[in-house]
Amino acid sequence: NPAPCQMACPAGIDVPGYVTLIGQGRDAEAVELIRHDNPFPWICGLVCTHPCEFMCVRGRVDEPIAIKDLKGFASERAMFEHRYENPEKAQDNSHKVCIIGAGPGGLTAAYYLALKGYRVTVIEALPMAGGMMMVGIPRFRLPREVIDREVAMIEELGVEFRFNTRLGTDVTFEQLKREGFEAFLVAIGAHSSFKMRIEGEDRYAQVVDAVDFLRRVAMGERHLPGKRVAIIGGGNVAMDAARTCIRLGCREVKVIYRRTHSEMPANEEEVIQAEEEGVQFMFLTMPVKI
């Protein structure tokens, strides 16, 4: 049976295997093992929610193994020592596959298809690869060069990227079929926010959804959303938005959450860091109208 940490991993990565290799100083082999199940060990080593650590057996003795940090550490070291290498790819099978969307889903598919010998083209509406990793997670948590370096590893396998290309606007299915693509994978992500369904949320320009706000900042916009900002919600996106507002120079940033502190779904370290940075919290508060 797999260990509890591996069972908890959404990607099913062999956690005990790669942690052991890192312990032996075999970083490149650890990266190779991780990439059997996940092409982005460095990115995940910085931003993954690490449910593995919650299940870590060592946690019952003293504290869990720092699985996520070890993954990031090994990936960075292997990358800078030029030992982070792609596996051998299969012979070209001359079949063409088109992937719509260069986010984590599309890129993962591109990686494994390229390794199996397929000719892969990825079409992306944004001017760069990464999807929500690039425009949903702020740069202070995930530097752009980390994404670029791991995407470059996928490009090295012969995957072709077409940026600023939106399906249905810049190119059609018919055109792509004429180019000889035999299969399509639609991996367009979830770039829209939940609505609160309260009065006034669609009426004012000052009401901004967090996903859109984070995307605009990631694309280079540096304007303050306002001097005093209220963020409604208590998940990771709320923490990212609040901490981004602090970095843009907002004077007062307050997170408004309908439940208690302990019930906030955001990662504990994100909440602690937000508090340290001066984000204020208001609990058991439910907005009824704006």
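This report covers aromatic pairs, charges over rings, two sheets and two helix crossings in a predicted model.

## Aromatic pairs

The structure contains six aromatic pairs. In one of them, Phe173 and Phe184, the ring centres lie 4.9 Å apart. The planes of Phe173 and Phe184 meet at 85°, so this pair is edge-to-face. The cut-off for that class is over 60 degrees.

The Phe173–Phe184 pair links distant parts of the chain. Phe173 belongs to helix α10, residues 173–178. Phe184 belongs to strand β4, residues 183–186. The two are 11 residues apart. Phe173 has a relative accessibility of 31% and counts as partly exposed. Phe184 is also partly exposed, at 26%.

A further pair joins Phe181 to Phe184. Here the ring centres are 6.4 Å apart. The planes stand at 55°, so the pair is tilted. Phe181 is buried, because its relative accessible area is 4% and the limit for buried is under 20%. Through these ring pairs, Phe173, Phe181 and Phe184 form a cluster.

## Charges over rings

Phe181 also has a charged partner. The charged end of Lys96 sits over the Phe181 ring, 4.7 Å from its centre. Phe181 thus has two kinds of contact here: a ring pair with Phe184 and the charged end of Lys96.

Arg149 provides another case. Its charged end sits over the ring of Phe80, 5.2 Å from the ring centre. Phe80 falls within the span of helix α6, residues 67–80.

## The four-strand sheet

Four strands make an open sheet in the order β3-β2-β1-β4, with parallel pairing. Its edge strands are β3 (160–162) and β4. Each edge strand pairs on one side only. From one strand to the next, the twist averages 20°.

Strand β2 covers residues 119–123 and is joined to β3 by three bridges. β2 and β3 run parallel. Within this pairing, Ile123 stands opposite Arg162 in β3. At the β4 edge, the sheet meets the aromatic cluster through Phe184, a residue of β4.

## The three-strand sheet

What order do the strands of the open three-strand sheet take? The order is β5-β6-β7, and the pairing is parallel. The edge strands are β5 (228–232) and β7 (280–282). Each of these pairs on one side only. The twist averages 25° from one strand to the next.

β5 and β6 pair in the parallel sense over five bridges. Ile232 has Ile256 of β6 as its bridge partner. Strand β6, residues 252–256, is joined to β7 by three bridges, again in parallel. Ile256 has Met282 of β7 as its bridge partner. Ile256 therefore has bridge partners in both directions: Ile232 and Met282. Strands of a sheet pair through backbone hydrogen bonds, either parallel or antiparallel.

## The faces of β5

Which residues of β5 lie on its covered face? They are Val229 and Ile231. The uncovered face holds Arg228, Ala230 and Ile232.

Ile231 sits in strand β5. At 9% relative accessibility, Ile231 counts as buried. Ile231 and Tyr257 are 26 residues apart in sequence. In space, their C-alpha atoms are 8.5 Å apart.

## Helix crossings around α2

Two packed helices are described by the angle between their axes and the distance between the axes. Helix α2 spans residues 15–23, and helix α6 spans residues 67–80. Their axes come within 10 Å and cross at roughly 55°. That angle makes α2 oblique to α6. α2 passes α6 in a left-handed crossing.

Helix α3 spans residues 27–34. The axes of α2 and α3 come within 8 Å and cross at roughly 170°. α2 is therefore roughly antiparallel to α3, as angles over 145 degrees fall in that class. The crossing of α2 and α3 is left-handed.

## The loop between α2 and α3

Is Arg26 buried, partly exposed or exposed? Arg26 is partly exposed, with a relative accessible area of 34%. Arg26 lies in the loop between α2 and α3. Arg26 and Ala74 are 48 residues apart in sequence. Their C-alpha atoms are 8.5 Å apart in space.

Methods: Residues are numbered from 1 along each chain as its sequence is written. This is a predicted model: local features need pLDDT of at least 70, side-chain atom pairs count only at pLDDT 80 or more; totals for chains, interfaces and linings use all residues. Side-chain values use heavy atoms; hydrogens and water are left out. Rings of Phe, Tyr and Trp (its six-membered ring) pair if their centres lie within 6.5 Å; planes under 30 degrees apart count as stacked, over 60 as edge-to-face and the rest as tilted. Buried means under 20% relative accessible area, exposed over 50%, partly exposed in between (1.4 Å probe, protein chains only). A charge sits over a ring if NZ of Lys or CZ of Arg is within 6 Å of the ring centre and within 35 degrees of the ring normal. Two strands pair if DSSP finds at least two bridges between them. Axes are lines fitted to C-alpha atoms, for helices over the stretch in contact, and angles run from 0 to 180 degrees between N-to-C directions. Angles under 35 degrees count as roughly parallel, over 145 as roughly antiparallel, 65 to 115 as roughly perpendicular and the rest as oblique. A crossing is left-handed if the near helix is turned anticlockwise from the far one by less than a right angle, and right-handed if clockwise.
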